[in-house]
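Please study the sequence and the structure shown below. The paragraphs that follow lead from the whole chain to its strands and then to single residues.

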Amino acid sequence: QVQLVESGGGLVQPGGSLRLSCVASESVFRFNTMGWYRQAPGNQRELLARIGIEGRSYHADSLKGRFTISRDSAKNTLYLQMNSLKPEDTAIYYCNTAPPSWTWGQGTQVTVSS
């Protein structure tokens, strides 16, 4: 069973930036389309972005270019660069395949507040 460990979250002021990382325990990572998701209190988990094994990416229109997904398959690692953060970006952020098929990790909390 692949384990996913997300990191990089924290408390940041509006307009700030964070870079999230997700490390997968198995090299099967490199053969899967991967995605970043988030879940805010009271909301369903939503897909933010996904990236294919060849590097082609999709980002949700609602992000308006503020977030960028990338991957380093040699390191079994997925990244999410988040810029111009807003209070409404506050959520727990997760990675998984896209669509999700692995056990969810603990996620990493992102709080945007002044």
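In counting charges, lysine and arginine are taken as positive and aspartate and glutamate as negative, while histidine and the chain ends are left out. On this basis the chain carries 11 positive and 8 negative side chains. The centres of these two sets are 3 Å apart. The structure is a predicted model, and the values given here are to be read with that in mind.

Consider next the chain as a whole. For 114 residues, a compact globule would be expected to have a radius of gyration near 13 Å, and the chain agrees with this because its own value is 13 Å. Along the principal axes, the C-alpha atoms occupy a box of roughly 40 × 25 × 25 Å. The accessible surface amounts to about 6100 Å², and carbon and sulfur atoms contribute 46% of that surface. Of the 114 residues, 44% count as buried.

Which elements build the chain? It contains 10 strands and zero helices, and from the N terminus the order of elements is therefore simply β-β-β-β-β-β-β-β-β-β. Contacts also link distant parts of the sequence: among contacts with a separation of 6 or more, 54% are made by residues 24 or more positions apart.

Three of the strands may now be followed in turn. Strand β1 covers residues 4–7. One face of β1, with Leu4 and Glu6, is covered, whereas the face with Val5 and Ser7 is uncovered. Strand β1 pairs with strand β3, residues 18–24, in the antiparallel sense over four bridges. Within this pairing, leucine 4 has alanine 24 of β3 as its bridge partner, and serine 7 has serine 21 of β3.

Strand β3 is itself mostly covered, with five of its seven residues buried. Strand β3 also pairs with strand β8, residues 77–82, again in the antiparallel sense, here over six bridges. Serine 21 stands opposite tyrosine 79 in β8. Serine 21 thus takes part in both pairings, with serine 7 as a partner and tyrosine 79 as another.

Two single residues complete the account. Tyrosine 58 belongs to strand β6, residues 57–59. Is tyrosine 58 buried or partly exposed? Its relative accessibility is 35%, so tyrosine 58 counts as partly exposed, because that class lies between the limits of 20% and 50%. Apart from residues up to four places away in sequence, tyrosine 58 touches Leu47, Leu48, Ala49 and Arg50. Valine 12 is 46 residues from tyrosine 58 in sequence, and their C-alpha atoms are 25 Å apart in space.

Threonine 111 is found in strand β10, residues 108–112. With a relative accessibility of 26%, threonine 111 also counts as partly exposed. Which residues does threonine 111 contact, leaving aside neighbours within four places in sequence? They are Gly10, Leu11, Val12 and Thr90. Threonine 111 and leucine 20 are 91 residues apart along the chain, and 13 Å separates their C-alpha atoms.

Methods
Residues numbered from 1 in each chain as written. Predicted model: local features only at pLDDT ≥ 70, side-chain atom pairs only at ≥ 80, totals over all residues. Heavy atoms only, no water. Helix = DSSP H or I, 4+ residues; strand = E, 2+ residues; numbered from the N terminus. Rg over C-alpha atoms; globule rule 2.2 N^0.38 Å. Buried < 20%, exposed > 50% of the residue type's maximum accessible area, 1.4 Å probe, protein only. Contact = heavy atoms within 4.5 Å. Areas by Shrake-Rupley, 256 points an atom, 1.4 Å probe, with all protein chains shown as cover. Charge placed at Lys NZ, Arg CZ, Asp CG, Glu CD. Pairing = 2+ DSSP bridges.
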